[in-house]
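Got your viewer open? Let's walk through this model stop by stop, with something to select at each one.

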Amino acid sequence: MSTRAKLTLASTTVGALGIVLFVHYQQKADQAAMHQGVIRDMEQQRIKKERQLDFEMQRRLEEEYRKVQNVKPSAD
């Protein structure tokens, strides 16, 4: 093989290897970003559920207080 052919073979091999490694790294980065999105969504759902439970508890307390106390609307 000539020197020029060896250089061409080496450069294409290094280029192809570089592309494969870059694509692999990019896929891992995308997968990690997607996983973070799933974790964020789960956390938002947990917070929403917690807030809903707090709201329901406040509503029950309000109903209980209204039964115990005689509340009249103000006439302004």
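Start with the salt bridges: there are three in the structure. A salt bridge here is a side-chain nitrogen of Lys or Arg within 4 Å of a carboxyl oxygen of Asp or Glu.

Before you click, a word on what you have loaded. This is a predicted model, where local features need pLDDT of at least 70 and side-chain atom pairs count only at pLDDT 80 or more, while totals for chains, interfaces and linings use all residues. Residues are numbered from 1 along each chain as its sequence is written, and side-chain values use heavy atoms, leaving out hydrogens and water.

**Stop 1: Glu 43, Arg 46 and Glu 50**

Select these three together, since they are linked in a network of salt bridges. Take Glu 43 and Arg 46: the closest N and O atoms of this salt bridge are 2.5 Å apart. Where do Glu 43 and Arg 46 sit relative to each other in helix α1? They are three residues apart in that helix, which runs over residues 3-68, so about one helical turn separates them. (Helices are DSSP runs of H or I with at least four residues, strands are runs of E with at least two, and both are numbered from the N terminus.)

Now swing over to Glu 50, whose side chain meets that of Arg 46 in a salt bridge at 3.0 Å, N to O. Glu 50 and Arg 46 are four residues apart in helix α1, again about one helical turn.

Switch on a surface and check the cover. Glu 43 is partly exposed at 35% relative accessible area, Arg 46 is partly exposed at 42%, and Glu 50 is partly exposed at 41%. For these labels, buried means under 20% relative accessible area, exposed means over 50%, and partly exposed is in between (1.4 Å probe, protein chains only).

**Stop 2: Glu 62 and Arg 66**

Next, select Glu 62 and Arg 66, whose side chains form a salt bridge at 3.0 Å, N to O. Both lie in helix α1, four residues apart, or about one turn of the helix. Glu 62 is partly exposed, with a relative accessible area of 40%.

**Stop 3: a nonpolar patch**

Go to Ile 19, Phe 22 and Val 23, which make a nonpolar patch on the surface with about 300 Å² of accessible area together. Patches take residues with over 30% relative accessible area and no salt bridge, joining like charges within 9 Å and nonpolar side chains (Val, Leu, Ile, Met, Phe, Trp, Tyr) within 5 Å. The areas come from the Shrake-Rupley method with a 1.4 Å probe, and for residues only the protein chains shown count as cover. Val 23 is in helix α1 and is partly exposed at 39% relative accessibility.

**Stop 4: Ala 16**

Pick Ala 16, also found in helix α1 and partly exposed at 40%. Draw a distance to Ala 5, 11 residues away along the chain: the two C-alpha atoms are 16 Å apart.

**Last stop: zoom out**

Show the whole protein as a cartoon and you get one helix and zero strands. Its radius of gyration is 32 Å, well over the 11 Å that the globule rule gives for 76 residues, so the protein is more spread out than a compact globule. (That radius is taken over C-alpha atoms, and the rule is 2.2 Å times the number of residues to the power 0.38.) Along the principal axes, the C-alpha atoms fill a box of roughly 100 × 25 × 5 Å. Of the 76 residues, 1% count as buried.
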